[in-house]
Structure formats: C-alpha cells, structure tokens
Amino acid sequence: EESVISRNDLDSHANMPVAGRHVLILADTGKTCEVSPYSPDYKPMKVPLVDAVVQHNNDADGSMCLLVLRDALHVPSMDHNLVPA
C-alpha cells in the first residue's frame, strides 16, 4: 500500500476537529451534525461524527505521536485535518 502524506492544521476558527480522508476511524459515533459552510452561498450539510486517529510528525526533533480526535466532523473530501487551536 502506498504511503500518504496528509497535513494537520491548527485552526483558530474551529470549535471541533475535522477529520479528512486520510485518518484511521476508530468509531462511528452514529451521530451527525449540521454544519454551515463559511459562505451563505452554500447550504448547510449533515456531517457524521467519528472518533479518529491522525499521525503528527515533529519536524524539530523527528518524534512522532498519534492524536486522537474525539467527536470529529468526518469530511472525506478534505485531504487535510483541522485541529482547534
């Protein structure tokens, strides 16, 4: 299987994590959330909530850690993840 590099971005405007397409889903909570996009030109969407794991590599010291995102919005069309800052 080919290795995929995905990025984790800190988002000061987010109030909950967003899990993109390259995460490991630990559990589907069975819940959904209605999300309003950044522009009124787009209609709100129902998005599933999941528990997921993402890998974070620290470029400063080469260490790696796993981040568990609880009750994250799962948006498989995104190629990156958002973590509230």
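1. A quick definition before anything else: a salt bridge here is a side-chain nitrogen of Lys or Arg within 4 Å of a carboxyl oxygen of Asp or Glu. Go by that rule and you count two salt bridges. Bear in mind that you're looking at a predicted model.

2. Take the pair at Arg7 and Asp9. The closest N and O atoms of this salt bridge are 3.0 Å apart. Arg7 is partly exposed, with 47% relative accessible area, and Asp9 also falls in the partly exposed class, at 23%. Buried would need a value under 20%, so Asp9 with its 23% doesn't qualify.

3. The other pair is Asp51 with Arg70, whose side chains meet at 3.4 Å, N to O. Asp51 sits in strand S4 (residues 45-57) and Arg70 in strand S5 (residues 64-74), so this salt bridge ties together parts that lie 19 residues apart in sequence.

4. Are the two partners of that bridge buried or exposed? They split: Asp51 is buried, at 13% relative accessible area, while Arg70 counts as exposed, at 53%. The cut-off for exposed is over 50%, so Arg70 makes that class with its 53%.

5. Asp51 is worth clicking on for its other partners too. Its side chain reaches the backbone nitrogen of Asp71 at 2.9 Å. Setting aside neighbours within four places in sequence, Asp51 is in contact with Leu24, Ile25, Leu26, Ala27, Thr29, Leu69, Arg70 and Asp71. One of these, Leu26, belongs to strand S3 (residues 24-35).

6. Now have a look at the backbone of Asp71. Its phi is near 50°, which is a positive value in a residue other than glycine. Most residues other than glycine have a negative phi, hence the flag. Asp71 is part of strand S5 and is partly exposed, at 33% relative accessibility. This is also the residue whose backbone nitrogen the Asp51 side chain reaches, so I'd view the two together when you go through the model.

7. Last point, the surface. Which residues form the nonpolar patch? Leu24, Leu26 and Val68 do, with about 270 Å² of accessible area together. Leu26 itself counts as partly exposed, at 45% relative accessibility. Two members of the patch, Leu24 and Leu26, turn up again among the contacts of Asp51, a residue that is itself buried, at 13%.

Methods
Residues numbered from 1 in each chain as written. Predicted model: local features only at pLDDT ≥ 70, side-chain atom pairs only at ≥ 80, totals over all residues. Heavy atoms only, no water. Buried < 20%, exposed > 50% of the residue type's maximum accessible area, 1.4 Å probe, protein only. Helix = DSSP H or I, 4+ residues; strand = E, 2+ residues; numbered from the N terminus. Patch = residues over 30% accessible without salt bridge, like charges linked within 9 Å, V, L, I, M, F, W, Y side chains within 5 Å. Areas by Shrake-Rupley, 256 points an atom, 1.4 Å probe, with all protein chains shown as cover. Polar contact = N/O pair within 3.5 Å; in protein donor to acceptor, adjacent residues only side chain to side chain. Contact = heavy atoms within 4.5 Å.
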